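Subject: The structure, and what turned up in it

Hello,

Here is the structure I promised to pass on. Please have a look at it first, and then read on for what I found.

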Amino acid sequence: MLLYRRHVGVVVPTDDVLVAGLRTGDEETFACLLNGWSGSMLRLARSFVSTTASAEEVVQDTWLAVFEGIGRFEGRSSLRTWVYRILVNIARKRATREQRTVPWTSLVPDHVPTVDPQRFRGPGDQYPGGWRAFPDRWPTTESEVLAHEVRSTVAAAVESLPIRQQVVLTLRDIDGYGAEDVCALLEISMVNQRVLLHRARATVRGRLERYFTGVDA
Amino acid sequence: MTCEELVELVTAYLDGALDPETEQRFVEHLELCDGCEIYVEQIRRTAAEVGQVEPEDLSAETRDRLLEAFRSFPR
Ligand SMILES: [Zn+2]
């Protein structure tokens with residue numbers, strides 16, 4: 001089930017306001033964070049542990065640890081990064097208990113083309129490696145109906161990605177983290193981060209292309 | 001740089017992570033090739049569309065439990 005809770009134009013309070021809200025027990029502040037961050041947190045947790053139920057518990061334990069530790073938060077990182085780090089620590093411990101310690105790095109597919117090689121000219125051609133036919137341009141999505149369909153298409157495509165690609169894509173393109181932050185959080189190399197992100201984007205682009213052009217490429 | 005090579009470097013390019021020489025070849029190719037220009041634009045658009053999607057949410061039970069835990073947390 002995919003939910004769209006990100007309302008365009010909603011102003012997220014600053015860290016100072018959020019931290020103060022958490023410390024004083026302001027329910028509106030917590031509900032806002034729960035709505036805004038839980039999806040990403042769940043996805044992040046799911047990349048370490050074996051089941052969705054287990055991932056929910058990781059998210060739950062993370063928030064409990066946040067309630068416990070918010071008094072000691074010093075603001076050296078953003079609040080969200082601080083919370084995500086707590087989550088990764090809890091998730092790693094749990095993964096060890098579940099004996100599911102799959103190293104992130106071992107699963108990165110490399111040297112597999114992200115675009116179907118059939119779309120490029122072969123070695124005997126005058127322009128080897130050039131497009132056989134250019135990709136079709138996509139329409140803009142000014143109508144609400146179309147925009148909604150595009151969003152559903154993208155959401156379904158993201159859900160279908162391998163979990164590690166989902167996590168990197170979520171952190172980069174939904175949460176807006178930079179490459180270095182993602183590497184630090186997940187303890188992966190720059191190259192692995194980029195391979196995961198690029199494969200994820202290329203796959204989602206392929207789904208959008210199919211949606212826009214109706215071509216089963 | 002061929003089109004087939006360029007499409008694999010788009011994310012590195014957008015992150016400013018290509019070495020200067022490769023970046024120059026990338027940019028030069030892009031200026032001359034409509035197909036790759038379209039492709040790069042579509043990857044940008046894809047990243048922007050992904051940014052509009054909210055991932056799956058917590059179950060209602062977990063959510064309620066957490067709201068209750070927050071309410072009753074000793075301060
Ligand atoms: Zn090209």
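One cut-off is needed before anything else: a residue counts as buried under 20% relative accessible area, as exposed over 50%, and as partly exposed in between. Please also keep in mind that this is a predicted model.

By that cut-off, Glu159(A) is partly exposed, because its relative accessible area is 28%. Its partner is Arg43(A), and the two side chains meet in a salt bridge, with 2.7 Å from N to O. Glu159(A) sits in helix 5 (residues 144-159) of chain A and Arg43(A) in helix 2 of chain A, so this pair ties together parts that are 116 residues apart in sequence. Unlike a partly exposed residue, Arg43(A) is buried, with a relative accessible area of 6%.

While we are in chain A, here is its general layout. Chain A has eight helices and zero strands, and along the sequence the pattern reads α-α-α-α-α-α-α-α. Of the 217 residues in chain A, 47% are buried.

Helix 2 (residues 27-46) of chain A deserves a look on screen. Its 20 residues, at 1.5 Å a residue, should span 28 Å, and the end C-alpha atoms are 26 Å apart, which agrees. There is also a kink of about 50° in helix 2 of chain A, with Trp37(A) at its centre.

Helix 4 of chain A can be checked in the same way. For its 19 residues the expected span is 27 Å at 1.5 Å a residue, and the end C-alpha atoms lie 28 Å apart, which agrees. After helix 4 of chain A comes Gln99(A), with a positive phi near 55°.

Now back to the charged pairs. Side chains of opposite charge can pair when their charged atoms come close. How many salt bridges are there over all chains? The count comes to 15. Two of them involve helix 4 of chain A:

- Arg94(A) and Glu57(A) form a salt bridge in which the closest N and O atoms are 3.0 Å apart. Arg94(A) lies in helix 4 (residues 79-97) of chain A and Glu57(A) in helix 3 (residues 52-69) of chain A, so the pair ties together parts that are 37 residues apart in sequence. Arg94(A) is buried, at a relative accessible area of 15%, whereas Glu57(A) is partly exposed at 39%.
- Arg92(A) and Glu187(A) meet in a salt bridge at 3.7 Å, N to O. Arg92(A) is in helix 4 of chain A and Glu187(A) in the loop between helix 7 (179-186) and helix 8 (190-213) of chain A, so parts 95 residues apart in sequence are tied together. Here Arg92(A) counts as partly exposed at 27% relative accessibility, and Glu187(A) as exposed at 60%.

Salt bridges also link residues of both chains: Glu27(A), Glu68(B) and Arg71(B) are joined in a network.

That brings us to chain B and the zinc ion. Which residues coordinate the zinc ion? They are Cys3(B), Cys33(B) and Cys36(B), each through SG, and His29(B) through NE2, at 2.0 to 2.3 Å. The site is tetrahedral, with angles of 104 to 112° among the four donor atoms. Along the sequence, the donor residues follow the spacing C-x25-H-x3-C-x2-C. Cys3(B), in helix 1 (residues 3-6) of chain B, and Cys36(B), in helix 4 (residues 34-50) of chain B, are 33 residues apart, and the pair links distant parts of the chain. Both Cys3(B) and Cys36(B) are buried.

UniProt, in an unreviewed entry, lists residues 3-36 of chain B as "domain: Putative zinc-finger". In the model, residues 3-36 of chain B are 74% helix and 0% strand, with the end C-alpha atoms 6 Å apart.

Two last spots in chain A:

- Pro123(A) is in the loop between helix 4 and helix 5 of chain A and is exposed, with a relative accessible area of 81%. Its C-alpha atom is 51 Å from that of Trp82(A), and the two residues are 41 residues apart along the chain.
- Thr213(A) is in helix 8 of chain A and is partly exposed at 25% relative accessible area. Thr213(A) and Pro135(A) are 78 residues apart in sequence, with 9.5 Å between their C-alpha atoms.

Best wishes

How values were computed. Residues numbered from 1 in each chain as written. Chains lettered and ligands numbered in written order. Predicted model: local features only at pLDDT ≥ 70, side-chain atom pairs only at ≥ 80, totals over all residues. Heavy atoms only, no water. UniProt positions renumbered as here; feature names shortened; annotations may be inferred. Helix = DSSP H or I, 4+ residues; strand = E, 2+ residues; numbered from the N terminus. Donors = N, O, S within 2.8 Å, 3.2 Å for Na, K, Ca; no water. Tetrahedral: all angles 85-135°; square planar, octahedral: opposite > 155°, others 65-115°. Buried < 20%, exposed > 50% of the residue type's maximum accessible area, 1.4 Å probe, protein only. Expected span 1.5 Å × (residues − 1). Bend = angle between axes of the 7 residues up to and from the residue. Salt bridge = Lys/Arg side-chain N within 4 Å of Asp/Glu carboxyl O.
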